Amino acid sequence: MSKSFKYNDVELFYNSRDHLIGLAEVFLLDTYLASLLQEGDLVVDLGAGIGDFAILASRRVGPEGKVIALEPNAEDYQLLKINVERNGCPNVTALNVGVAGEPGQKEISFWGKKYAFRVDTLENILARLEVRDRIDFIKMDIEGFEAEVIGGSIETIKDADVISLELHWTKDRVDRMLRPHGFVFRPLPRRRMLAKFVASMFTHPSALFKTSLTTIAWCPTMVFSRLSETVHEDRLMTGVYVKSRA
(Lines give C-alpha, C1' and ligand atoms only; values in the text may rest on other atoms or scores of the structure.)
Protein backbone atom coordinates (compact mmCIF):
# COMPACT_ATOMS: atom_id res chain seq x y z
CA MET A 1 0.00 0.00 0.00
CA SER A 2 1.29 3.47 -0.88
CA LYS A 3 2.31 5.89 1.86
CA SER A 4 1.90 9.65 1.69
CA PHE A 5 4.27 12.59 2.03
CA LYS A 6 2.79 15.98 2.92
CA TYR A 7 4.40 19.36 2.37
CA ASN A 8 2.26 22.50 2.67
CA ASP A 9 -0.59 22.03 0.20
CA VAL A 10 1.09 19.10 -1.58
CA GLU A 11 0.47 15.42 -0.82
CA LEU A 12 2.28 12.72 -2.78
CA PHE A 13 1.93 8.96 -2.66
CA TYR A 14 5.10 6.90 -2.71
CA ASN A 15 6.03 3.22 -2.35
CA SER A 16 9.71 2.97 -1.47
CA ARG A 17 12.51 4.51 0.55
CA ASP A 18 14.04 5.65 -2.75
CA HIS A 19 10.90 7.68 -3.42
CA LEU A 20 10.99 9.16 0.08
CA ILE A 21 14.62 10.21 -0.27
CA GLY A 22 13.81 11.84 -3.61
CA LEU A 23 10.92 13.72 -2.01
CA ALA A 24 13.24 15.00 0.71
CA GLU A 25 15.78 16.20 -1.86
CA VAL A 26 13.18 18.11 -3.84
CA PHE A 27 11.03 19.60 -1.08
CA LEU A 28 13.28 19.79 1.99
CA LEU A 29 16.66 20.50 0.36
CA ASP A 30 15.61 22.12 -2.97
CA THR A 31 18.29 20.03 -4.71
CA TYR A 32 17.12 21.05 -8.19
CA LEU A 33 16.81 24.75 -7.35
CA ALA A 34 13.12 25.12 -8.07
CA SER A 35 13.59 28.61 -6.61
CA LEU A 36 14.92 29.60 -10.06
CA LEU A 37 11.57 28.88 -11.70
CA GLN A 38 9.47 31.82 -12.79
CA GLU A 39 5.76 32.25 -13.48
CA GLY A 40 4.87 31.30 -17.02
CA ASP A 41 7.93 29.08 -17.56
CA LEU A 42 7.85 26.06 -19.84
CA VAL A 43 9.53 23.26 -17.86
CA VAL A 44 10.70 19.86 -19.07
CA ASP A 45 11.27 17.31 -16.28
CA LEU A 46 13.41 14.41 -17.51
CA GLY A 47 13.27 11.53 -15.06
CA ALA A 48 10.16 12.83 -13.33
CA GLY A 49 9.84 9.83 -10.99
CA ILE A 50 6.63 9.99 -8.96
CA GLY A 51 6.10 13.68 -9.68
CA ASP A 52 7.88 15.45 -6.83
CA PHE A 53 9.66 18.13 -8.88
CA ALA A 54 6.91 18.32 -11.52
CA ILE A 55 4.26 19.15 -8.92
CA LEU A 56 6.48 21.69 -7.18
CA ALA A 57 7.24 23.25 -10.58
CA SER A 58 3.53 23.28 -11.39
CA ARG A 59 2.91 25.47 -8.37
CA ARG A 60 5.83 27.77 -9.17
CA VAL A 61 5.09 28.41 -12.88
CA GLY A 62 1.36 29.00 -12.32
CA PRO A 63 -1.56 28.61 -14.71
CA GLU A 64 0.27 30.36 -17.54
CA GLY A 65 3.20 27.93 -17.27
CA LYS A 66 3.51 24.33 -18.40
CA VAL A 67 5.40 21.28 -17.12
CA ILE A 68 6.18 18.27 -19.33
CA ALA A 69 7.05 15.34 -17.05
CA LEU A 70 8.72 12.34 -18.68
CA GLU A 71 9.22 9.13 -16.69
CA PRO A 72 10.30 5.85 -18.35
CA ASN A 73 9.70 3.53 -15.37
CA ALA A 74 6.15 2.19 -15.70
CA GLU A 75 5.60 1.75 -11.95
CA ASP A 76 6.80 5.25 -11.09
CA TYR A 77 4.77 6.63 -13.99
CA GLN A 78 1.56 5.25 -12.50
CA LEU A 79 2.28 7.09 -9.24
CA LEU A 80 3.25 10.18 -11.22
CA LYS A 81 -0.18 10.25 -12.87
CA ILE A 82 -1.96 9.70 -9.54
CA ASN A 83 0.03 12.43 -7.80
CA VAL A 84 -0.47 14.95 -10.61
CA GLU A 85 -4.23 14.36 -10.61
CA ARG A 86 -4.55 14.34 -6.82
CA ASN A 87 -2.70 17.64 -6.48
CA GLY A 88 -4.74 19.38 -9.16
CA CYS A 89 -2.03 20.15 -11.70
CA PRO A 90 -3.72 20.72 -15.07
CA ASN A 91 -0.56 22.40 -16.36
CA VAL A 92 1.42 19.12 -16.08
CA THR A 93 1.58 16.67 -18.99
CA ALA A 94 2.97 13.28 -17.96
CA LEU A 95 4.31 10.70 -20.42
CA ASN A 96 5.72 7.19 -19.91
CA VAL A 97 8.85 7.60 -22.04
CA GLY A 98 12.54 8.32 -21.65
CA VAL A 99 14.68 10.66 -23.73
CA ALA A 100 17.63 9.48 -25.79
CA GLY A 101 19.61 10.38 -28.88
CA GLU A 102 17.32 8.27 -31.07
CA PRO A 103 14.02 6.37 -30.74
CA GLY A 104 14.14 2.81 -29.46
CA GLN A 105 14.36 0.71 -26.31
CA LYS A 106 16.83 0.89 -23.42
CA GLU A 107 17.55 -1.13 -20.32
CA ILE A 108 18.89 0.28 -17.06
CA SER A 109 19.85 -1.02 -13.64
CA PHE A 110 18.83 1.33 -10.85
CA TRP A 111 18.85 0.78 -7.07
CA GLY A 112 19.28 -2.95 -7.62
CA LYS A 113 16.44 -3.25 -10.13
CA LYS A 114 16.63 -3.73 -13.89
CA TYR A 115 13.96 -2.55 -16.27
CA ALA A 116 13.47 -1.85 -19.96
CA PHE A 117 11.70 1.20 -21.32
CA ARG A 118 10.81 3.10 -24.45
CA VAL A 119 12.85 6.15 -25.47
CA ASP A 120 12.49 8.86 -28.07
CA THR A 121 14.22 12.11 -28.95
CA LEU A 122 13.19 15.25 -27.12
CA GLU A 123 12.34 16.86 -30.46
CA ASN A 124 9.94 14.04 -31.40
CA ILE A 125 8.21 14.20 -28.02
CA LEU A 126 7.75 17.97 -28.17
CA ALA A 127 6.50 17.74 -31.77
CA ARG A 128 3.83 15.20 -30.82
CA LEU A 129 2.73 17.48 -27.99
CA GLU A 130 2.69 20.39 -30.46
CA VAL A 131 5.04 22.35 -28.18
CA ARG A 132 6.63 25.11 -30.21
CA ASP A 133 7.69 27.45 -27.41
CA ARG A 134 11.26 27.70 -26.20
CA ILE A 135 11.96 25.66 -23.06
CA ASP A 136 12.82 27.85 -20.07
CA PHE A 137 13.86 25.27 -17.46
CA ILE A 138 15.08 21.68 -17.85
CA LYS A 139 15.49 19.32 -14.90
CA MET A 140 17.42 16.08 -15.49
CA ASP A 141 17.67 13.08 -13.19
CA ILE A 142 18.50 10.45 -15.80
CA GLU A 143 21.20 8.31 -14.18
CA GLY A 144 24.19 8.86 -16.44
CA PHE A 145 22.43 9.55 -19.75
CA GLU A 146 22.99 13.34 -19.46
CA ALA A 147 25.66 13.61 -22.15
CA GLU A 148 23.74 11.41 -24.59
CA VAL A 149 20.51 13.35 -24.18
CA ILE A 150 22.12 16.79 -24.32
CA GLY A 151 24.25 15.84 -27.33
CA GLY A 152 21.31 14.33 -29.20
CA SER A 153 19.00 17.30 -28.56
CA ILE A 154 21.46 20.18 -28.32
CA GLU A 155 19.55 22.32 -30.83
CA THR A 156 16.53 22.31 -28.50
CA ILE A 157 18.35 22.29 -25.17
CA LYS A 158 20.75 25.14 -26.05
CA ASP A 159 17.87 27.64 -26.01
CA ALA A 160 16.90 26.92 -22.38
CA ASP A 161 17.78 29.37 -19.61
CA VAL A 162 18.36 26.86 -16.81
CA ILE A 163 19.41 23.20 -16.85
CA SER A 164 19.28 21.68 -13.36
CA LEU A 165 20.75 18.20 -13.16
CA GLU A 166 22.74 15.45 -11.54
CA LEU A 167 25.95 14.60 -13.40
CA HIS A 168 27.21 11.04 -13.20
CA TRP A 169 30.86 11.12 -14.31
CA THR A 170 29.68 13.24 -17.26
CA LYS A 171 30.57 16.83 -16.33
CA ASP A 172 33.51 17.24 -18.72
CA ARG A 173 31.48 16.02 -21.71
CA VAL A 174 28.46 18.12 -20.79
CA ASP A 175 30.67 21.18 -20.29
CA ARG A 176 32.07 20.83 -23.79
CA MET A 177 28.56 20.74 -25.26
CA LEU A 178 26.99 23.58 -23.27
CA ARG A 179 29.76 26.14 -22.80
CA PRO A 180 29.78 27.18 -26.50
CA HIS A 181 26.13 28.17 -26.06
CA GLY A 182 26.79 30.52 -23.15
CA PHE A 183 26.09 28.18 -20.22
CA VAL A 184 28.06 28.37 -16.99
CA PHE A 185 27.94 25.56 -14.43
CA ARG A 186 27.19 26.42 -10.82
CA PRO A 187 27.55 23.56 -8.30
CA LEU A 188 24.74 23.27 -5.80
CA PRO A 189 25.96 25.27 -2.78
CA ARG A 190 26.25 22.91 0.17
CA ARG A 191 25.78 25.82 2.56
CA ARG A 192 22.44 26.51 0.93
CA MET A 193 21.38 22.89 1.32
CA LEU A 194 22.45 22.97 4.96
CA ALA A 195 20.41 26.14 5.48
CA LYS A 196 17.37 24.46 3.88
CA PHE A 197 17.93 21.42 6.09
CA VAL A 198 18.00 23.57 9.23
CA ALA A 199 14.98 25.61 8.13
CA SER A 200 13.01 22.41 7.55
CA MET A 201 13.60 21.49 11.19
CA PHE A 202 11.24 24.32 12.09
CA THR A 203 8.87 24.44 9.12
CA HIS A 204 8.42 20.70 8.39
CA PRO A 205 9.88 18.78 11.34
CA SER A 206 7.77 15.65 10.85
CA ALA A 207 8.70 15.22 7.19
CA LEU A 208 12.36 15.96 7.89
CA PHE A 209 12.53 13.50 10.78
CA LYS A 210 10.88 10.75 8.77
CA THR A 211 13.08 11.16 5.69
CA SER A 212 16.28 11.61 7.69
CA LEU A 213 15.74 8.39 9.64
CA THR A 214 15.02 6.51 6.42
CA THR A 215 18.13 7.86 4.71
CA ILE A 216 20.45 7.29 7.67
CA ALA A 217 19.18 3.75 8.20
CA TRP A 218 19.71 2.88 4.54
CA CYS A 219 22.85 4.83 3.62
CA PRO A 220 24.46 6.99 6.34
CA THR A 221 27.07 8.45 3.99
CA MET A 222 24.36 9.91 1.71
CA VAL A 223 23.41 12.56 4.29
CA PHE A 224 27.05 13.49 4.79
CA SER A 225 27.81 13.72 1.07
CA ARG A 226 24.71 15.82 0.36
CA LEU A 227 25.44 18.32 3.13
CA SER A 228 29.22 18.54 2.79
CA GLU A 229 31.80 19.51 0.19
CA THR A 230 32.89 15.94 -0.55
CA VAL A 231 31.40 15.41 -4.04
CA HIS A 232 34.06 15.74 -6.71
CA GLU A 233 33.66 16.69 -10.36
CA ASP A 234 34.65 13.21 -11.59
CA ARG A 235 31.76 11.59 -9.72
CA LEU A 236 28.17 12.49 -8.84
CA MET A 237 27.69 16.26 -8.95
CA THR A 238 24.53 18.33 -8.64
CA GLY A 239 24.12 21.86 -9.92
CA VAL A 240 22.73 24.09 -12.65
CA TYR A 241 23.89 25.35 -16.01
CA VAL A 242 22.58 28.90 -16.38
CA LYS A 243 22.72 31.78 -18.82
CA SER A 244 21.13 35.20 -18.91
CA ARG A 245 17.43 35.34 -19.69
CA ALA A 246 16.54 37.21 -22.82
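A residue counts as buried when its relative accessible area is under 20%, and as exposed when that area is over 50%. The exercises below apply this cut-off to a predicted model.

**Exercise 1. Find how much of strand E3 is buried, and which way its side chains point.**

Step 1. Count the buried residues. Five of the five residues of E3 are buried, so the strand is largely enclosed by the rest of the structure.

Step 2. Sort the residues by direction. Leu42, Val44 and Leu46 point one way from E3. Val43 and Asp45 point the other way.

Step 3. Look at what one of these residues meets. Leaving out residues up to four places away in sequence, Val43 touches Leu37, Phe53, Ala57, Val61, Lys66, Val67, Ile68 and Phe137.

**Exercise 2. State the strand order of the seven-stranded sheet and name its edge strands.**

Step 1. Write the order. The strands of this open sheet follow one another as E5-E4-E3-E9-E10-E12-E11, and the pairing is mixed.

Step 2. Identify the edges. E5 (92–95) and E11 (184–187) are the edge strands, since each is paired on one side only.

Step 3. Add the twist. From one strand to the next, the average is 20 degrees.

**Exercise 3. Describe how E3 and E4 pair with their neighbours, with a residue pair for each pairing.**

Step 1. Take E3 and E4. These two strands are parallel and share five bridges. Opposite Leu46 stands Leu70 of E4.

Step 2. Take E3 and E9. This pairing is also in the parallel sense, over four bridges. Here the bridge partner of Leu46 is Met140 in E9.

Step 3. Take E4 and E5. Strand E4 (residues 66–70) runs parallel to E5, and four bridges join the two. Ala69 has Ala94 in E5 as its bridge partner.

Step 4. Place helix H2 against these strands. H2 packs on the sheet and touches E3 (42–46), E4, E5 and E9 (137–140). The direction of H2 makes about 170 degrees with that of E4.

**Exercise 4. Decide whether helix H2 is largely enclosed or not, and say what unit it belongs to.**

Step 1. Count. Eight of the 10 residues of H2 (residues 52–61) are buried, so the helix is largely enclosed by the rest of the structure.

Step 2. Name them. The buried ones are Asp52, Phe53, Ala54, Ile55, Leu56, Ala57, Ser58 and Val61.

Step 3. Look past the end of the helix. Gly62, just after H2, has a positive phi of about 75 degrees.

Step 4. Join the elements. E3, H2 and E4 form a β-α-β unit, and the unit is right-handed.

**Exercise 5. Find which residues touch the most other members of the largest nonpolar core, and which elements supply the core.**

Step 1. Recall the background. In soluble globular proteins, nonpolar side chains tend to be buried together.

Step 2. Pick out the best-connected members. The core has 38 residues, and those touching the most other members are Leu23, Phe27, Leu37, Val43 and Phe53.

Step 3. List the elements. Two or more residues come from each of E1 (3–7), E2 (10–14), H1 (17–28), H2, E4, H3 (74–86), E5 and E12 (236–242).

Step 4. Check for another core. Apart from the largest core lies one of 30 residues, among them Val44, Val149, Ile154 and Tyr241.

**Exercise 6. Classify Ser164, Ser153 and His181 as buried, partly exposed or exposed, and locate each.**

Step 1. Take Ser164, in strand E10 (residues 162–168). Its relative accessible area is 1%, so Ser164 is buried. A polar atom of the Ser164 side chain lies 2.9 Å from the backbone oxygen of Tyr32. Beyond four places in sequence, the residues that Ser164 touches include Leu33, Phe137 and Gly239.

Step 2. Take Ser153, in the loop between H5 (146–152) and H6 (154–157). With a relative accessible area of 0%, Ser153 is buried. Neighbours within four places aside, Ser153 is in contact with Leu122 and Glu123.

Step 3. Take His181, in the loop between H7 (171–178) and E11. A relative accessible area of 29% makes His181 partly exposed. Neighbours within four places aside, His181 is in contact with Ile154, Lys158 and Lys243.

Step 4. Set these residues against the whole chain. Of its 246 residues, 52% count as buried.

Notes: Residues numbered from 1 in each chain as written. Predicted model: local features only at pLDDT ≥ 70, side-chain atom pairs only at ≥ 80, totals over all residues. Heavy atoms only, no water. Buried < 20%, exposed > 50% of the residue type's maximum accessible area, 1.4 Å probe, protein only. Polar contact = N/O pair within 3.5 Å; in protein donor to acceptor, adjacent residues only side chain to side chain. Contact = heavy atoms within 4.5 Å. Pairing = 2+ DSSP bridges. Axes fitted to C-alpha atoms, helices over the stretch in contact; angles between N-to-C directions. Core = buried A, V, L, I, M, F, W, Y, C linked by side-chain atoms within 4.5 Å. Right-handed = clockwise from strand over helix to strand, strands pointing away.
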